[in-house]
Amino acid sequence: MFFRLLMESFRRQRRRKMLAGIAILLGTTAVTAMLALATTIGDRIHKELAVYGANIVVTPKAANLDVKIGGVDIRPTIGNAYLHESDLKKLHTIFWANNITGISPQLPVQLDIKTPSGDDTTVSALGLWFHHALTNDPGSLVTGAPALHSWWKLTGAWPQEADSTAGGTDVVAGSSLASTLNLKTGDTLTANGRMLHVTGIVSTGDATDKQILLPLSAAQSIANLPDAVSRVEVSARTKPEDAFARKDPDTLSPQQHEIWYCRPYANSIAYQIREAVPGAQAEQVRRVEQSEGTVLQRISGLMWLVSLAALLAAGFAVSAAMATAVLERRTEIGLMRSLGASKGSIALLFYSETGLLAVLSGALGYLLGSGLAAWLGARIFSGDGSAAVLNPVLLPVIIALALIVAIAGSTPSIRAALAVNPSTILREDA
Amino acid sequence: MPHLSFTGMLRRSLVHRRARSLSALVAMTVSAAIATALLTLYADLNTKLHKEFRSFGANVVITAPASKPLPPDALLRVHQAAGKDALIAEFGYAVATTDRGTSVVVAGTDFAAVRKLDSWWQVPSWPNPDDANAALPGQRAANFISDKTNLKLTFSGHPITLHSAGELRTGGDEDSRIYLPLDTFTQWTGVQPSVIEVQIPGGANTVEAAIARLRTALPEIQVQPVRELVEGESRIVDRTHALMYGAVLLIALTVAVSVLATLSASVLERRRDFALMKALGGSQTQLMALFLLEALALALAGVVLGFIIGSAAAWVISETNFHTATLPHPSVLPLVVLLNIVIAAIAALFPVRVLRGLQPAALLKGE
């Protein structure tokens, strides 16, 4: 009997059920979409923030003091300490290795070059990785300077590291150097008995514009410093710094140290890099790291608060719709009561209807909302197709919210209708 | 029989079914409040986001050519050209020798300006402004000095003793330098400031315009944007903006449709009133006008309440998130009013169309 009542109510009162159902459906769609966006916004903004470049730099601990003004080395140091390029493979083994998204080692050298027009001059050059696999594994991170400096604008092609031999190598010239020396793509320079083929001109907007960029291996053999690297820039996905992150790990208790170590703070990743690479000094680049943290917090905070507002609004709207839906059926309640139905069984019938509607519309709304969030996300933040569309954690949350809101919204109306004498209701309508 | 005026009917209809009027009013208030809150936040979003990006520091660097220093009034001209919101700090650089004989870059600057511009500098305490010889040695530079509290430096034969206020940590080039007040720096080395760093709040276009003004104000001097900052900022602000836009549309639509459903259901329920009025000789237009006016009255009351609640919500959200207040924007009112009126009009007119086909007699009989 109960189930027949339930089924008939859905079959016969299609319009009313549709209205309440649409209210729940839209509410859950909006809330799902907002929550799905809010949970992924952190990663997305982080990807965008990666344009600011490395957030950790690694230098040799024993290095001499840089004498650099405006990015230009005033007294290039001789007999300096270096890191080993071969040690960089170990970055692949640290605890947060998967969070490292880019590695760019560099080695500055001086080149005595002969330009195509026959002038002799000394220029500074930088040995870099351009498109370098970190390890020999097939799935290894392929990284290099261009990936970490997305604002570098290249006309031409980056040098092919594999083409670099003792006799000749591909290079890229900085834009202001190229204009002073009158270089263009396709030119060939001679430096220390090596042919340098200019494959492109790069504009960087900083001191690198006055340099020649060449593969790291070529720079090492020109400077006669095999395996040497003077500085490594690392880009890593990190968790914004909090008070705990600033603690000195060596003063923490073993348990606390463990927790600190296993959180992707820039400080803990730098700590792990220091452990992995012998003689290395790793520091977070505070300008990038600290500011990224603030921006990330603000934007995701905004999304969460707006989601909360959406939740409240959808809650109100759905409650109001449910309240109306029950209010409309006062006659029905009066009739059932006068036919002998108990208050409890009527309430059960109404709550079952509401619950069924909430679960069905909520599930549909979850699907629609997830799709909408994925579409919006792909429209706004281009190039992240890998993100999963459906977030399974959200499904129970959304259905529970839909149930709570629908039941809370219909409760006052049901109670009110049950409190009134059935004969009053029936007469009122006659 | 007392004369039954149109407004009297309207008032009675609203007051008599108090519960129903109240729930309709709540619905209209929610829709207006949400629209107000989101639009207010949205109107302020760019300013607020650009403010957050100030923490990245200077986005324009002015460098004197190697041959000659900046003109003496350069700082003043930069202040005029960059606008009053810009953060500006001047730097002079020289190479000195430490007590251990190592070359080190010393930089003269105005600590008060740097503190605002480069908020990411980590120092145990900022130097006392009254102490002309207070200095901030970078953490790497400090390793090359024997006496870490009284820094003894020499610049081409001129010695100086600076008091360290603690080690500076930035993870950048600053770590290898020693910073001291600009006046002390120029007196000691005779070197004039050569670099001015400027933070111009705003997107790429604002920064480009400011750079153009700076170039006219300081001809022959290199004015360069910090490219990664300017580009990154515009991109992130644009994307967040687009995201908020999507959110605003989505939420507004949801609330509008839910409110519409509620309101039209409550109008449909009144088919008996409708039938009675029609039987008493009310014309279709009169009845529609009555329904419409009723809904509009509720909609406008909803706007008044909703604007207050929504502005308060926007204020709370921006206070919690951005730590700055967002004041109510009267400019969003027309849009909110329009939204509510459209919802109310559709809610009132949609059921009337359904009711038109019904026969009053049949309805009154209860069929």
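Here is a short chat about a predicted two-chain model, covering confidence, domains, helix packing and strand pairing.

Visitor: Before we dig in, what are the ground rules for the numbering and for local features?
Guide: Residues count from 1 along each chain as its sequence is written, and chains are lettered from A and ligands numbered from 1 in the order in which they are written. This is a predicted model, where totals for chains, interfaces and linings use all residues, side-chain atom pairs count only at pLDDT 80 or more, and local features need pLDDT of at least 70.

Visitor: Which element of chain A has the lowest confidence?
Guide: Chain A averages a pLDDT (the predictor's confidence in each residue, from 0 to 100) of 84, and 96% of its residues score at least 70. Elements here are DSSP runs numbered from the N terminus, with helices (H or I) of at least four residues and strands (E) of at least two. The highest mean, 92, belongs to strand S13 (residues 212-215) of chain A, while the bottom spot, at a mean of 71, goes to strand S3 (residues 72-73) of chain A.

Visitor: And in chain B, which element has the lowest mean pLDDT?
Guide: Chain B also has an average, 84, with 93% of the residues at 70 or above. Where pLDDT is low, the predicted coordinates should not be read in detail. Strand S7 (residues 177-181) of chain B tops the list at 93, and the lowest, at 68, is helix H12 (residues 360-365) of chain B.

Visitor: How many Å separate the domain centres in chain A?
Guide: The domain bounds come from an automatic or database domain assignment. Chain A splits into domain 1 (2-47 + 294-429) and domain 2 (55-284). Taken over C-alpha atoms, the centres of those two domains of chain A are separated by 55 Å.

Visitor: Are H2(A) and H10(A) parallel or oblique to each other?
Guide: Axes are lines fitted to C-alpha atoms, for helices over the stretch in contact, and angles run from 0 to 180 degrees between N-to-C directions. Helix H2 (residues 14-49) of chain A and helix H10 (residues 343-380) of chain A have axes that come within 6 Å and cross at roughly 40°. Angles under 35 degrees count as roughly parallel, over 145 as roughly antiparallel, 65 to 115 as roughly perpendicular and the rest as oblique. H2(A) and H10(A) are therefore oblique.

Visitor: How is H10(A) oriented relative to H11(A)?
Guide: H10(A) packs with helix H11 (residues 394-419) of chain A at an angle of about 150°, their axes 8 Å apart. So H10(A) and H11(A) are roughly antiparallel.

Visitor: Which residue of S15(A) stands opposite Pro105(A)?
Guide: Two strands pair if DSSP finds at least two bridges between them. Strand S5 (residues 100-114) of chain A and strand S15 (residues 231-236) of chain A run antiparallel and are joined by six bridges. Facing Pro105(A) in S15(A) is Val232(A).

Visitor: Which residue takes a positive phi in the hairpin of S5(A) and S6(A)?
Guide: S5(A) pairs with strand S6 (residues 120-128) of chain A in the antiparallel sense over nine bridges, and Leu111(A) stands opposite Val123(A) there. The hairpin has five residues between the strands, and the one with a positive phi, near 95°, is Gly118(A).

Visitor: What is the bridge partner of Lys114(A) in S11(A)?
Guide: S5(A) also pairs with strand S11 (residues 188-191) of chain A, antiparallel over two bridges. In S11(A), the partner of Lys114(A) is Thr190(A).
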